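Got your viewer open? Let's walk through this model one selection at a time.

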Amino acid sequence: MTLGMSKGPWIDWYGANTAGLSAFAITYLLGALGAAVTDSCSACWSILIAIIRGKLGDFFRCLKTKPGVVMMVGAIIGGPFASTCYVIGLQKAGSIVVPISALCPAIGAILARFWFKQELNARMMLGIAICFGASVMIAYPTLGGDAPEGMALGIFFGFLAAFGWGFEGCVCGYGTALIDSEVGITIRQVTSGLSNFIILVPLFGMISGGGNTAALVTEAVTDGSIVWFACAGLAAYGAFMFWYKGNSMCGAALGMSCNGTFSFWGPFCCWVVLGMIFGLDGWAMAPISWIAAVVMVAGIFTIALNPLDLLKGKEDK
């Protein structure tokens, strides 16, 4: 998605020729538009795969069921709501919002404990804390001096984003336990794509006072850069499907902590794709990020099993 937003008309929109866009529109409207195009491409992939695998009828039938409604609610909370809060948080408080948003595994695990009676003991909470600490380590190189006024408000929105993603992982993991994961992800991506385009983009367009929102949307979806958004949409299809399926199989605490490794894999993939393959500057990874990845694996290991059980197993042998 970042690569697509660095090509075609996006260069002008973010560059010197801003097409008359206000600062608000450049910050919020374009961010929402990029997310909307990506989610909509993912929705198209979801529907296409459902047709090929003969599950399109199941998709429409599940929309009328309670688990289907649960998936749609989770998609709205985790899609437009959480994404918007995340964007606002970054704008107001800077990169400190990144580790704050990584609290979503802890929030999802706590919600799952109260709603679905999933296990959450002291060892699992320790593992979640280790994963959160690793996220702080990854964000540490960018944590200084980049936060503008309104940091408290930005941090608040960061927590809202963490809640939204924690809610989505917990609730949609429950939904995927009741319906097919491929059908569930189709519901999620279609809901998120439509709500972004129907609610979020027009809302930011009205707030920014831009009468050219429709023109921006048309240019974004007809330009050649849409190829990169299509690639991002296919990746999002797999990412969310396996996230939901994993949460339904192993519980929100472990599933969402494993998913929390995006705080490492995101910068890593940007470094490989944007930095190494396309030669864009500014995407190199700091050494602390590699160390944090090992720490995060240790945190996930702590959540998954009790280290004392391994010692007992060796003693039994």
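**Start with the whole chain**

Show the surface before anything else: the chain exposes about 15,000 Å², and carbon and sulfur atoms supply 71% of that area. Keep in mind that you're looking at a predicted model. Now switch to cartoon, and you'll find 15 helices and zero strands. Of the 317 residues in the chain, 45% are buried. If you take the contacts between residues at least 6 apart in sequence, 84% of them join residues at least 24 apart.

**Into the cores**

Next, select W10, W13, L33, I187 and Y244. These residues have the most contacts inside the largest nonpolar core, which has 45 residues. Which helix gives the most to this core? Colour α2 (23-52) to see it: α2 supplies 11 residues. Other helices that each bring at least two residues include α1 (9-14), α4 (66-93), α9 (181-208) and α11 (226-250).

Now pick A109, M124, I128 and M296. They are among the 16 residues of another core, which lies apart from the one you just saw.

**A covered helix**

Move on to α12, residues 252-259. Is this helix mostly covered or mostly open? Mostly covered: six of its eight residues are buried. To highlight them, select A252, A253, L254, G255, M256 and S257. Then bring up what covers these buried residues, including α6 (104-116), α7 (122-139), α8, α11 and α14.

**Two helices crossing**

Stay with α14 (residues 287-304) and add α13 (residues 262-277): the two pack at an angle of about 145°, and their axes are 10 Å apart. The crossing of α13 past α14 is left-handed. For the side chains, show S263, F264, F268 and W271 on α13, which meet S289, W290, A293 and M296 on α14. That contact is made of six nonpolar residues, two polar ones and no charged ones. You've met M296 already, as a member of the 16-residue core.

**Last stop: L305**

Follow the chain out of α14 and click on L305, in the loop leading to α15 (307-316). Why does L305 count as partly exposed? Because its relative accessibility is 29%, and partly exposed covers the range between under 20% (buried) and over 50% (exposed). Finally, draw a distance from L305 to G127: they are 178 residues apart in sequence, yet 9.9 Å apart in space, C-alpha to C-alpha.

Key: Residues are numbered from 1 along each chain as its sequence is written. This is a predicted model: local features need pLDDT of at least 70, side-chain atom pairs count only at pLDDT 80 or more; totals for chains, interfaces and linings use all residues. Side-chain values use heavy atoms; hydrogens and water are left out. Axes are lines fitted to C-alpha atoms, for helices over the stretch in contact, and angles run from 0 to 180 degrees between N-to-C directions. Helices (H or I, at least four residues) and strands (E, at least two) are DSSP runs, numbered from the N terminus. A crossing is left-handed if the near helix is turned anticlockwise from the far one by less than a right angle, and right-handed if clockwise. Contact means heavy atoms within 4.5 Å. Ala, Val, Leu, Ile, Met, Phe, Trp, Tyr, Cys and Pro count as nonpolar, Asp, Glu, Lys and Arg as charged, and the others, Gly among them, as polar. A nonpolar core is a set of buried Ala, Val, Leu, Ile, Met, Phe, Trp, Tyr and Cys residues joined through side-chain atoms within 4.5 Å. Buried means under 20% relative accessible area, exposed over 50%, partly exposed in between (1.4 Å probe, protein chains only). Accessible areas come from the Shrake-Rupley method with a 1.4 Å probe; for residues, only the protein chains shown count as cover.
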